Amino acid sequence: SSKYALVESFNSDKQSFVLLGDSILKNDAYVSDGKSVENLLIERTNGKTTCLAVDHSKIVDIYSQIDKIPEELNTSQTTVFLSAGGNDILTHYVDQENDSTDTSILGTMFGAYKKLIKSIQKKLPNANIVLLDIYYPDNMTFKQYHSVIDEWNKMVYEYAVLVWSFRVLRHRSHGSDLVSAETLHRSRYRFEPQHGAPDYRP
């Protein structure tokens, strides 16, 4: 069992949530009407959720999302969820058909990822940040990229340990079976390392 359930209960009177990144958090197109992460979190937090994530976003696209974060959310009661990197990996390995055994590009991608996080910290220095790892698609077409995802996720875990102020959110699926805000509440999303990643205690 995991050591860190994401949310025992929402204290919607105090907490605010900001969703940044890609379709993991902006998943309207992959779930039933009203069942997206955004819809369910807005319902459970009495509207105190700001979803700025955009489907298909790459790391570079998320800077425009950061610019839209209201300044009043710069408090210790704000938690930012960031899902980034998945589309950069898809573009390089799937769309551009690069060799999945060559992961040298991940260092450059992760450098861009860290710069993005620093931009979030600059915008919201008082907020909490939760990093989402990349899920492992079950589709046979993408199974050849699991080793790439594994390496990326390990970098995310190690960075979270290094910085210490970050938590990592492990998730398991996407599309119609995507873990939504309801299952966030029921702790299917969990703070936990996977595949032997270090056990951090933020």
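Colleague: Which helix is Asn87 found in?

Modeller: Quick ground rules: this is a predicted model, local features need pLDDT of at least 70, side-chain atom pairs count only at pLDDT 80 or more, and totals for chains, interfaces and linings use all residues. Residues are numbered from 1 along each chain as its sequence is written, and side-chain values use heavy atoms, with hydrogens and water left out. Helices (H or I, at least four residues) and strands (E, at least two) are DSSP runs, numbered from the N terminus. Asn87 falls in the run covering residues 86-95, helix α3.

Colleague: Is Asn87 buried or exposed, and at what relative accessible area?

Modeller: Buried means under 20% relative accessible area, exposed over 50%, and partly exposed in between, using a 1.4 Å probe and protein chains only. Asn87 counts as buried because its relative accessible area is 14%.

Colleague: Which backbone oxygen lies 2.8 Å from a polar atom of the Asn87 side chain?

Modeller: Leaving out residues up to four places away in sequence, Asn87 touches Asp22, His56, Ser57 and Lys58 (contact is heavy atoms within 4.5 Å). A polar contact is a pair of N or O atoms within 3.5 Å; within protein, one must be able to donate a hydrogen and the other to accept it, and residues adjacent in sequence count only if both atoms are side-chain atoms. At 2.8 Å from the side chain of Asn87, the backbone oxygen is that of Ser57.

Colleague: How many residues of α3 are buried?

Modeller: The buried ones are Gly86, Asn87, Asp88, Ile89, Thr91, His92 and Tyr93, and what covers them includes α4 and α5. Helix α3 is largely enclosed by the rest of the structure, because of its 10 residues the number buried is seven.

Colleague: Which residue follows α3 with a positive phi?

Modeller: The residue sits in the loop between α3 and α4 and is exposed, with a relative accessible area of 69%. Its phi is near 55 degrees, a positive value in a residue other than glycine. That residue is Glu97.

Colleague: What is phi near for His56?

Modeller: His56 is found in the loop between β3 and α2. It counts as exposed because its relative accessibility is 56%. For this residue, which is not glycine, phi is positive, near 75 degrees.

Colleague: Which element supplies the largest share of the largest nonpolar core?

Modeller: A nonpolar core is a set of buried Ala, Val, Leu, Ile, Met, Phe, Trp, Tyr and Cys residues joined through side-chain atoms within 4.5 Å. The largest one has 33 residues, with Leu20, Leu82, Tyr113 and Trp152 making the most contacts inside it. Elements supplying at least two residues each include β2 (16-21), β4 (78-83) and α5 (146-163). The largest share, seven residues, comes from α4.

Colleague: How many residues are in the second, separate core?

Modeller: Leu82 touches Val130 and Leu132, among others such as Leu20, Ile62 and Tyr113, not counting residues up to four places away in sequence. Val130 and Leu132 are included in the second core, along with Leu25 and Tyr135, and its residue count is 12.

Colleague: How many residues of β2 are buried?

Modeller: In a regular strand the side chains alternate between the two faces of the sheet. Here both faces are covered, with Ser16, Val18 and Leu20 buried on one side and Phe17, Leu19 and Gly21 on the other. Of the six residues in β2, the number buried is six.

Colleague: Which residue of β4 is the bridge partner of Phe17?

Modeller: Two strands pair if DSSP finds at least two bridges between them. β2 and β4 do that over six bridges, in the parallel sense. In β4, Phe17 is matched with Thr79.

Colleague: What is the hand of the crossover from β2 to β3?

Modeller: β2 and β3 (residues 49-51) run parallel and are joined by three bridges, with Leu19 partnered by Cys51. The chain goes from β2 through helix α1 (residues 37-44) to β3. A crossover is right-handed if, with the strands pointing away from the viewer, the path from the first strand over the helix to the second runs clockwise. This β-α-β crossover is right-handed.

Colleague: Which residue's backbone oxygen does the side chain of His146 reach?

Modeller: His146 lies in helix α5. Setting aside neighbours within four places in sequence, His146 is in contact with Tyr136 and Pro137. At 2.7 Å, the backbone oxygen its side chain reaches belongs to Pro137.
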